[in-house]
Amino acid sequence: MTILDKIAENALKHPERMVYYRENTENFQSGGVKGGSLSWGELEEYSNRLAAYLDRGLTAKTPVVVYGHKNPYMIVCFLACVKSGRAYCPVDISVPSNRAELIFKEVNPEVILATEELPVQAEKVLSLSSILSIIENEKKIISRAKYVSGEEIFYIIFTSGSTGIPKGVQITGNCLDRFVEWAVSVGSGFETGREGGYTFINQAPFSFDLSVMDLFLALYTGGTLWALDKKIQSDMKLLLESLKRSSAHVWVSTPSFADVCLSDRQFSGELMPGLERFLFCGETLTNQTVRRLREAFPKAEIVNTYGPTESTVAVTEVVVTPGINETYNPLPVGKEKKGTRILIMDQEGRILPEGQKGEIIIAGDTVSAGYWNNRKLTKEKFGTMEIDETVCRFYRTGDRGYKQDGFTFYCGRIDLQVKLHGYRIEIEDIESNLMKLPCVRQAAVVPVFKDGKARSLTAYLSVKGDIENSFEKAQELRSRLKAYLPEYMIPKKFVFLDSLPMTANGKADRKALGGLRS
């Protein structure tokens with residue numbers, strides 16, 4: 001059963017049950033949405049009406065950009081797009097205006113559905129008020145024959161690109177269906193017919209692929225998504241109050257977000273007595289975090305997963321028991337799901353034996369169809385191979401890892417990509433945007449690691465003119481950089497040098513920079 005069929009089935013079974021809730025200072029009074037909530041019946045009806053409008057009003061099958069921040073109507077828009085036969089492309093309000101504009105230009109959508117005000121000018125935009133009006137007045141019924149299916153593109157999520165231009169990862173309907181079919185079995189599994197359903201915590205914005213895990217698990221199992229917007233996440237008091245009210249069963253986040261919550265002693269099984277499971281993805285889960293979680297939530301299951309955006313969120317899983325946590329350091333990211341094969345290869349493409357480190361290659365039924373409008377990069381990173389007499393796509397992750405005891409272990413990046421606070425960042429992307437600042441002559445960014453995990457970024461710069469106050473100069477550059485990059489990509493520290501050390505082939509000597517002290 002496809003995800004769209006499952007959503008229709010769940011809406012029919014329990015139309016009054018809440019499918020989405022977001023606590024915030026706004027109050028959505030229109031279209032049946034009160035206090036940021038949405039019922040299953042409303043989700044199905046509203047998305048069908050908007051889909052009928054899109055089907056009639058648009059001429060091309062190009063992707064539709066959906067802009068906003070955890071508004072309930074973003075979910076309506078996502079489903080409306082795919083029901084009309086078009087992929088959706090989520091863009092969060094945290095994306096800087098320059099970067100959002102680059103994405104808009106790359107996608108070149110026939111329409112943008114915006115639940116918040118756009119930061120840049122665009123030709124055709126449907127605002128929230130327009131979307132509400134369409135939902136209220138549309139009478140046509142969308143045919144299921146129009147739905148995105150099979151190898152058609154279901155969604156596109158843009159990630160950091162080495163050229164300074166984000167790259168769009170295309171995920172097909174088949175990829176998403178296979179992912180969700182596996183995800184419901186992760187850990188001790190999910191009961192799709194469970195009385196009352198599960199409540200899932202949503203931490204990540206919808207433009208970050210981790211959100212696909214909690215969103216579509218909730219939609220597939222007939223559950224509820226409890227969304228934490230960025231204002232609540234930035235205020236510990238509000239965050240803890242919201243978590244208590246959520247009565248959540250499933251926690252989905254990056255390990256870093258759990259670490260932030262663990263800094264307050266109230267974050268425990270007493271605060272969230274119904275919490276059954278932690279699902280982690282997006283960055284390295286440390287032994288220390290597991291120990292602290294086990295002390296705070298002794299009854300909860302802790303599951304570690306791994307997978308890049310190009311493989312549809314995650315392709316491995318392991319329940320981190322006390323025994324596993326004591327046996328392995330670093331922790332394994334798990335065993336691959338059914339339909340996926342993980343290979344460890346050297347630079348010549350030879351499969352390495354157990355214990356030897358090399359590049360992680362993912363082959364299987366959830367590997368992306370490639371990058372949007374970028375054949376060159378798609379050819380470099382993707383290919384096909386035969387596994388168990390079935391031809392499937394594979395993806396060269398650029399991640400370093402090894403296999404041991406049947407588990408896959410992640411050891412960081414081979415290239416200049418790093419994961420920081422759950423976000424995958426191309427170092428060259430930051431450098432390219434630093435070079436856009438008029439005073440910068442040279443720029444190199446180096447990640448700072450602690451306990452094998454990237455903790456922050458340091459920018460080494462050579463700038464024009466004299467610097468009277470390095471702190472004020474750093475603050476100036478940080479402020480200017482916000483026009484081009486999201487907050488999580490802005491270096492924590494700026495170091496100013498007369499010139500950057502270079503390697504023999506004329507590139508910035510990152511090893512030398514990493515050893516500098518200032």
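Biologist: In which hand does H2 pass H3 in their crossing?

Modeller: This is a predicted model, and in it the axes of helix H2 (residues 40–57) and helix H3 (residues 72–83) come within 8 Å. Where H2 passes H3, the crossing is right-handed.

Biologist: Are H2 and H3 parallel, perpendicular or oblique to each other?

Modeller: Their axes cross at roughly 50°. Angles under 35 degrees count as roughly parallel and those from 65 to 115 as roughly perpendicular, so this value belongs to neither class. H2 and H3 are therefore oblique.

Biologist: How many nonpolar residues does the contact of H2 with H3 have?

Modeller: The residues that meet include Leu 43, Tyr 46 and Leu 50 from H2, and Ile 75, Val 76 and Leu 79 from H3. By class, the contact has 2 polar residues, 2 charged residues and, as the number asked for, 12 nonpolar residues.

Biologist: Which helix gives the largest share of the largest nonpolar core?

Modeller: That core has 114 residues, and those with the most contacts inside it include Leu 113, Phe 154 and Leu 434. Leu 434, leaving out residues up to four places away in sequence, touches Leu 461 and Phe 494, among others. The largest share of the core is 10 residues, and the helix they come from is H3.

Biologist: Is Asn 287 buried or exposed?

Modeller: Asn 287 is found in helix H11 (residues 287–296), and its contacts beyond four places in sequence include Asn 325, Tyr 328 and Leu 331. Buried means under 20% relative accessible area. At 6% relative accessibility, Asn 287 therefore counts as buried.

Key. Residues are numbered from 1 along each chain as its sequence is written. This is a predicted model: local features need pLDDT of at least 70, side-chain atom pairs count only at pLDDT 80 or more; totals for chains, interfaces and linings use all residues. Side-chain values use heavy atoms; hydrogens and water are left out. Axes are lines fitted to C-alpha atoms, for helices over the stretch in contact, and angles run from 0 to 180 degrees between N-to-C directions. Helices (H or I, at least four residues) and strands (E, at least two) are DSSP runs, numbered from the N terminus. Angles under 35 degrees count as roughly parallel, over 145 as roughly antiparallel, 65 to 115 as roughly perpendicular and the rest as oblique. A crossing is left-handed if the near helix is turned anticlockwise from the far one by less than a right angle, and right-handed if clockwise. Contact means heavy atoms within 4.5 Å. Ala, Val, Leu, Ile, Met, Phe, Trp, Tyr, Cys and Pro count as nonpolar, Asp, Glu, Lys and Arg as charged, and the others, Gly among them, as polar. A nonpolar core is a set of buried Ala, Val, Leu, Ile, Met, Phe, Trp, Tyr and Cys residues joined through side-chain atoms within 4.5 Å. Buried means under 20% relative accessible area, exposed over 50%, partly exposed in between (1.4 Å probe, protein chains only).
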